[in-house]
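Colleague: I would like to learn how to read the sheets, pockets and cavities of a model. Could we take them one by one?

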Amino acid sequence: MSYYTDDIETHEVQAYTNSTNFRTEFRLDADKLYMSNMRLLNIGFKENTAVTRSVNRLVGAYGVIKNLSIFDDNELIDSLDNFNLWSAFSCYNKKNDDNLSTNYFLKKNNMGLVSQGLNPSQDGNIDVVLADNTADSTTGARTWLDMSAYLDFLRRSRFVPTHYFKRLRIVIEYETDIANLTPANTDAVSSLEPLLVVDEMKNPEVIANVLKNYGTIQYQPIETSRVVMPVHPNLPTGAADEGVVQEVTFTIQGFNNKSINRLVMMPVGQSVTSTKYGKLMAQAVNLNNFQVRTSEGNLLQGQGITLDNQRRKMLTDLYGDCNDQVGAVWVQNASTVIADDQATLGVLTPFAVKLEQDMVQNFQVTFGRKSVYDVSAGSQATTRYNQQFHLHFFAEILKQITVNPKDMSYRISYV
């Protein structure tokens, strides 16, 4: 049965404002009943000169979006800051076949891997199946985006009645670091002007029924925070004195007085980047321990996660399959078995835990790593495992919208 009937009218909404490489805003009419399946078309970017460059292999054309938000006037309903970093995690959090068969064409990434088997020149090779997607100065790299896949309010609410949200605005802010768009090159690019597609319900009986029964909507937006892990204070001078532990406990005020479900931490190095993923990744460390603590005590037993296999098990238990090479996390252990090992190994190692705690207090994270000596480096402070990290946190936070049909008002609250 077709989803579309005469009761539904599809609108193509032009941007209210569009500033290349900065910001795009859409505005929807008041007193309309829109479906929540909102789509953004023509998301992407193009090169400013006559060159063709490979697009970020992990996140594809979605790398152009830095932040995505939906407002009612100045009231924030839902948003996803660091959209492209979370999208990178989402692309990693897929089966290999999904990335090969779907996301390569939908998102323009290239994470579908294959083992090519033995051949005379090398012992074997795990490599991408297809050539990287590219951006040029004519068509660029472009795709479309299902907003409900990233803004949970749209996923939980079948309709978006602008009888309540009378000044509904959708705002896109763009990535300015070109290395996250075309990691191997930094030629200037321009974001494309997107188009918003929305479906409007026209049936007056359905409209009246939805407005009468809209009620309370509970949803889990992803809120973010970031702390800085400084350069390792005890840099090794040789292999004999590596392995010194640096342990830092961070207090994150932004998650206090909020109910948290799942939490993901992505360590992003500030000195070493990937020529395939840019900085849209979660770099490995020589792990010592990872622990989350609230006023209820330690979330995990003992020191928490102390082994990479524990990290992997926790991640897959909470989020399911992840698209990774069969091989070592440590680049030092890589061989010719894995193609592009320096750019793709040790850069997809997010941490995940589940809190399921209401109105968290005194939220803290303890993160410990061990120093590593890199014999080929001029400065140990900027090497892969000793460098400064930005620790990005993505937390599922419980919120709700409660509406009052009598005066067509609403209230957003943390619950």
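Modeller: Gladly! Let us begin with pairing: two strands pair if DSSP finds at least two bridges between them. Strands themselves are DSSP runs of E with at least two residues, helices are runs of H or I with at least four, and both are numbered from the N terminus. This is a predicted model, where local features need pLDDT of at least 70 and side-chain atom pairs count only at pLDDT 80 or more, while totals for chains, interfaces and linings use all residues. Residues are numbered from 1 along each chain as its sequence is written, and side-chain values use heavy atoms, with hydrogens and water left out.

Colleague: In what order do the strands of the open sheet with strand 19 and strand 22 lie?

Modeller: The order is 19-24-21-22, with antiparallel pairing. Strand 19 (245–251) and strand 22 (297–298) are the edges; each has a single partner strand, so one side of each lacks a neighbour in the sheet. Strand 21 (residues 287–294) is joined to strand 22 by two antiparallel bridges, and threonine 294 sits opposite glycine 297 there.

Colleague: Which strands stand at the edges of the sheet ordered 18-25-20-23?

Modeller: That one is also an open sheet of four strands with antiparallel pairing. Its edges are strand 18 (222–229) and strand 23 (351–357), each with one partner strand, so a side of each is left without a neighbour in the sheet. Neighbouring strands here are turned by 20° against each other on average, direction ignored. Between strand 18 and strand 25 (residues 389–397) there are eight antiparallel bridges, and glutamate 223 faces alanine 395 in strand 25.

Colleague: How do I read a helix against a sheet?

Modeller: Look for contact, meaning heavy atoms within 4.5 Å. Then compare axes, which are lines fitted to C-alpha atoms, for helices over the stretch in contact; angles run from 0 to 180 degrees between N-to-C directions. Helix 1 (residues 83–92) packs on this sheet, touching strand 18, strand 20 (260–269) and strand 25, and its direction makes about 100° with that of strand 20. Helix 5 (residues 308–319) lies across strand 20, strand 23 and strand 25, at about 55° to strand 23.

Colleague: And how is empty space found?

Modeller: Rolling a probe the size of a water molecule over the atoms shows where empty space is left. On a 1 Å grid over the protein atoms alone, a cavity is a set of points where a 1.4 Å probe fits but cannot get out; a pocket is an open set with protein on both sides within 12 Å along at least five of seven lines, and lining residues have an atom within 4 Å of a point. Grid points are joined across faces, edges and corners, and a volume is the space filled by probe spheres set on the points.

Colleague: Which residues lie nearest the centre of the largest pocket?

Modeller: Trp86, Ala149, Ile222, Arg262 and Glu396, out of 20 lining residues. The pocket holds about 350 Å³ of space. Strand 8 (75–80), helix 1 and helix 3 (152–156) each give two or more residues to the lining.

Colleague: How many cavities of 30 Å³ or more are there?

Modeller: Two. The second largest has a volume of about 60 Å³, and its lining includes Arg57, Tyr277 and Asp340. Strand 10 (residues 126–128) gives the largest share of that lining, three residues.
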